[in-house]
Amino acid sequence: MMILRFRIHCARTLLTLLTVISLWGCSKEYSRESPITDPVEQPSEMAAYALEHQGGSCSDAVVTGTFKAGTPVAAGAKIQVTVQVAMPGAWILTTGNVNGMEFTGGGTFTATGKYTITLMGRGTPQQEGSFIFPLKTSGSSCGVTVKVSGNGPEIPTPPADFYYKMTANGKDYMQEVTDAGLYVLVSQTTGGTDVLLGTGISWAGSASLPLGKTEMIIAKGMLANFDAVSNQEFKNFFQPGNYNYMIMNNQTFGTGMLLNWTDEKGVSWTSLNGATGQPNGTFTIMSAEDWSGYPGYYGLKVKMKFSCKLYNEAGGELTITNGEMVGGFLKKR
């Protein structure tokens, strides 16, 4: 069943929502895409490297391509994973044959540090379903799940109950809360008498967010006299319609919407931009439905769409388009 993580923050200062996440480490990251050759000759000086994994899964694996039973794997199908190189040298890595196809790659690491390597796919999937492709180096192993569809027409998979998706500077992002995933739905209440209400899609797999993973929090402020509001007043606070983005005055949150996003490199971004707001941004609550998501609490399942600018501490800027989230907001009954 879907996991819900509920957090209540009771603090007179409302600055606790914006936790500054330190920038990721200094190791360089590289990308390697090498064509498959058959047969593969084993070099004499091999690299020493380890796969990044969470339990038995390759933690940041990205699978690209469409896989159909009975249809040869198209050019460009690949698996990308992160490795930590302890000793430079040549590398060769293959999944071996699983369900009629395999992923293989090779190249050379010129220095120690973090690399993103690419394994290209080939073969013809035999059966539909989800298949685990194993990867193993000396001292590390993990699996990558690849889904093979049937040989009929493609049927789009409906999104999970709770998710976020958006395009940031032209790159698409999406994360769902699923039964088998390491993401949870988060509901937050920050403040004293007047509160900032938040919801998000948050990493649950470890104490800190791994590289390659993202998180999103959306908050709405400020709901006055929170402890005394009725269920109907709480629901009215999320009335469908258009809303402005929040600005800060004297280090205090105001009314409107606030976005906080952590990218795949661990950099934290926010929609707050001093007192200037988001003159060209849009935020719309599409729907707010009763939701019995947590015992003892009245909940709302809220669908939101947005476009805006996001900013980081270093002065960077992202243009967000096609933003959408379905989250959950809670209050004590």
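Here are some questions and answers about side-chain contacts in this predicted model.

Q: Why is the contact between lysine 301 and aspartate 161 called a salt bridge?
A: The rule asks for a side-chain nitrogen of Lys or Arg within 4 Å of a carboxyl oxygen of Asp or Glu. Here the N to O distance is 3.9 Å, so the pair meets the rule. The pair links distant parts of the chain, 140 residues apart: lysine 301 is in strand β24, and aspartate 161 is in the loop between β12 and β13.

Q: What makes aspartate 161 exposed and lysine 301 partly exposed?
A: Exposed means over 50% relative accessible area, and partly exposed lies between 20% and that value. Aspartate 161 has 51%, so it counts as exposed. Lysine 301 has 24%, so it counts as partly exposed.

Q: How do you know that lysine 301 also lies over the face of phenylalanine 162?
A: The distance part of the rule is within 6 Å of the ring centre, for NZ of Lys. Lysine 301 is at 5.6 Å from the ring centre of phenylalanine 162 and lies over its face. Another case is lysine 220, at 3.5 Å from the ring centre of phenylalanine 237.

Q: Which other residues form a salt bridge with lysine 171 and lysine 309?
A: Glutamate 264 meets lysine 171 at 2.9 Å, N to O. Glutamate 264 lies in the loop between β21 and β22 and lysine 171 in strand β14, so this pair ties together parts that are 93 residues apart in sequence. Glutamate 317 pairs with lysine 309, with the closest N and O atoms 3.3 Å apart. By the same rule, the count comes to 7 salt bridges.

Q: Why is threonine 104 called buried?
A: Buried means under 20% relative accessible area. Threonine 104 has 8%, so it counts as buried. This residue lies in strand β9.

Q: What makes the meeting of threonine 104 and threonine 94 a polar contact?
A: The distance limit for a pair of N or O atoms is 3.5 Å. The side chains of threonine 104 and threonine 94 make their polar contact at 3.0 Å, so the distance is within that limit.

Q: Which rings are linked into a cluster?
A: Ring pairs link Phe234, Phe237, Phe238, Tyr298 and Phe329. Two rings pair if their centres lie within 6.5 Å, and the structure holds 14 aromatic pairs.

Note on methods:
Residues are numbered from 1 along each chain as its sequence is written. This is a predicted model: local features need pLDDT of at least 70, side-chain atom pairs count only at pLDDT 80 or more; totals for chains, interfaces and linings use all residues. Side-chain values use heavy atoms; hydrogens and water are left out. Helices (H or I, at least four residues) and strands (E, at least two) are DSSP runs, numbered from the N terminus. Buried means under 20% relative accessible area, exposed over 50%, partly exposed in between (1.4 Å probe, protein chains only). Rings of Phe, Tyr and Trp (its six-membered ring) pair if their centres lie within 6.5 Å; planes under 30 degrees apart count as stacked, over 60 as edge-to-face and the rest as tilted. A charge sits over a ring if NZ of Lys or CZ of Arg is within 6 Å of the ring centre and within 35 degrees of the ring normal. A polar contact is a pair of N or O atoms within 3.5 Å; within protein, one must be able to donate a hydrogen and the other to accept it, and residues adjacent in sequence count only if both atoms are side-chain atoms.
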